[in-house]
Amino acid sequence: MKFSNLIALSALASASAFAPLPIVTNGSQSAQSQQLYSSTSNNLGPSDGKSIGVTSKTSEWEISQISPNVQIQGQTRHTWNMADASKEVVQVALHSNGRPIQADLQVWIGPDWTPVTIHAKSEDGSQYPIQTLIGTRNKAANLEVMNTGPYTMPIKAAVSYAIDPLANARDDLANDDQVEGQYMEGGSIHNLAFAPNINQLQILLKTEGKQLNARVELLNGPSNVKASLEVFTNNGALNSLFVVFDTPGAGNAIVVKNLAPLEYPCEMYAKASEVETVNSDGDGGVNW
């Protein structure tokens, strides 16, 4: 009798161990994503290193409105599953509490293809946050943010699908009749100084389909780099580099370096997205 009971219990345990997992439908995945997004801006999870891709609530760069914030400790990484092939432009923002930012951004498509890598640095992640758009080529992809800084320098990251008009900002800047593109051969350097009343500046680097390997730096004073992003991609048309720099104060300048060989030129576009003006009554104001 005892032996038969033991066999029955063993069979029951085996059946429960191999019970099918619950099926996750699109609706429940969307609900899970919405529940994740509805968390407060102080949410610094999840802790398993993975997040569901969501759609941004803003076309600006307020990090709490882009996606649930994730704190990434030094020498650790976090990935976002951007599985919607109908969307292509991902908005990425990296902040800190004033400490430097050192991070690598990568897009993974499939098991072993990384079409774009961006090395990002900032002297002060509070005053000079990293703000960029990355394309997924309309494919299901994972986007990884790797904090390459020491463990004492955590960063706060937000990643989501961009919404209009930000989702079209790359094409809008390249096709703007009032913006003149700068042709840059491989190995060349271009310097751009701008007025102190420009509080935010958009930079676009692209090619006609060849590889893009370039670095854009924000300087304040000679050789004083405040923030920089270096990109490598096999196709600078599909994965152009679009950066939004916050540029507080005076004496700022942009330096763009085409790191590719001579036969790989790129084009550079720059446009102010936030300009401070003085009203007739002498009060300051901000126009876009």
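Two strands are said to pair if DSSP finds at least two bridges between them, and it is in this sense that strands and their partners are described below for what is a predicted model. Within strand S8, Met146 stands opposite Asp104, and the strands concerned, S5 (residues 101-108) and S8 (residues 141-147), pair in the antiparallel sense over six bridges. Strand S5 also pairs with S6, again in the antiparallel sense and over seven bridges, and in this pairing Ala120 of S6 is the bridge partner of Ala103. In general, the strands of a sheet pair through backbone hydrogen bonds, and the pairing may be either parallel or antiparallel.

These pairings belong to a wider arrangement, an open sheet of nine strands whose order is S1-S3-S8-S5-S6-S14-S13-S16-S11 and whose pairing is mixed. The edges of this sheet are taken by strand S1 (50-52) and strand S11 (189-193), each of which has a single partner strand, so that one side of each is left without a neighbour in the sheet. Averaged over the sheet, and with direction ignored, neighbouring strands are turned by 15 degrees against each other. At the S11 edge, the pairing with strand S16 (residues 252-258) is antiparallel and extends over five bridges, with Ala193 standing opposite Ala253 in S16.

For the protein chain as a whole, four helices and 18 strands are found. Of its 288 residues, 43% count as buried, where buried means under 20% relative accessible area. Among the contacts in the protein chain with a separation of 6 or more, 79% are accounted for by residues 24 or more positions apart.

The interior was also examined for enclosed space, and two cavities of 30 Å³ or more were counted. The second largest cavity holds about 30 Å³ of space, and its lining is made up of Val116, Ile118, Leu133, Ile134, Gly135, Val231, Asn239, Ser240 and Leu241. By character, these lining residues divide into six nonpolar and three polar, with no charged residue present; Gly is counted here among the polar residues. Strand S6 (116-122) and strand S7 (130-135) each supply at least two residues of this lining, and S7 gives the most, with three residues. Strand S6 therefore appears in two parts of this description, since S6 pairs with S5 over seven bridges, a count that satisfies the requirement of at least two, and S6 also contributes to the lining of the second largest cavity.

Technical notes:
Residues are numbered from 1 along each chain as its sequence is written. This is a predicted model: local features need pLDDT of at least 70, side-chain atom pairs count only at pLDDT 80 or more; totals for chains, interfaces and linings use all residues. Side-chain values use heavy atoms; hydrogens and water are left out. On a 1 Å grid over the protein atoms alone, a cavity is a set of points where a 1.4 Å probe fits but cannot get out, and a pocket is an open set with protein on both sides within 12 Å along at least five of seven lines; lining residues have an atom within 4 Å of a point. Grid points are joined across faces, edges and corners, and a volume is the space filled by probe spheres set on the points. Axes are lines fitted to C-alpha atoms, for helices over the stretch in contact, and angles run from 0 to 180 degrees between N-to-C directions. Buried means under 20% relative accessible area, exposed over 50%, partly exposed in between (1.4 Å probe, protein chains only). Contact means heavy atoms within 4.5 Å.
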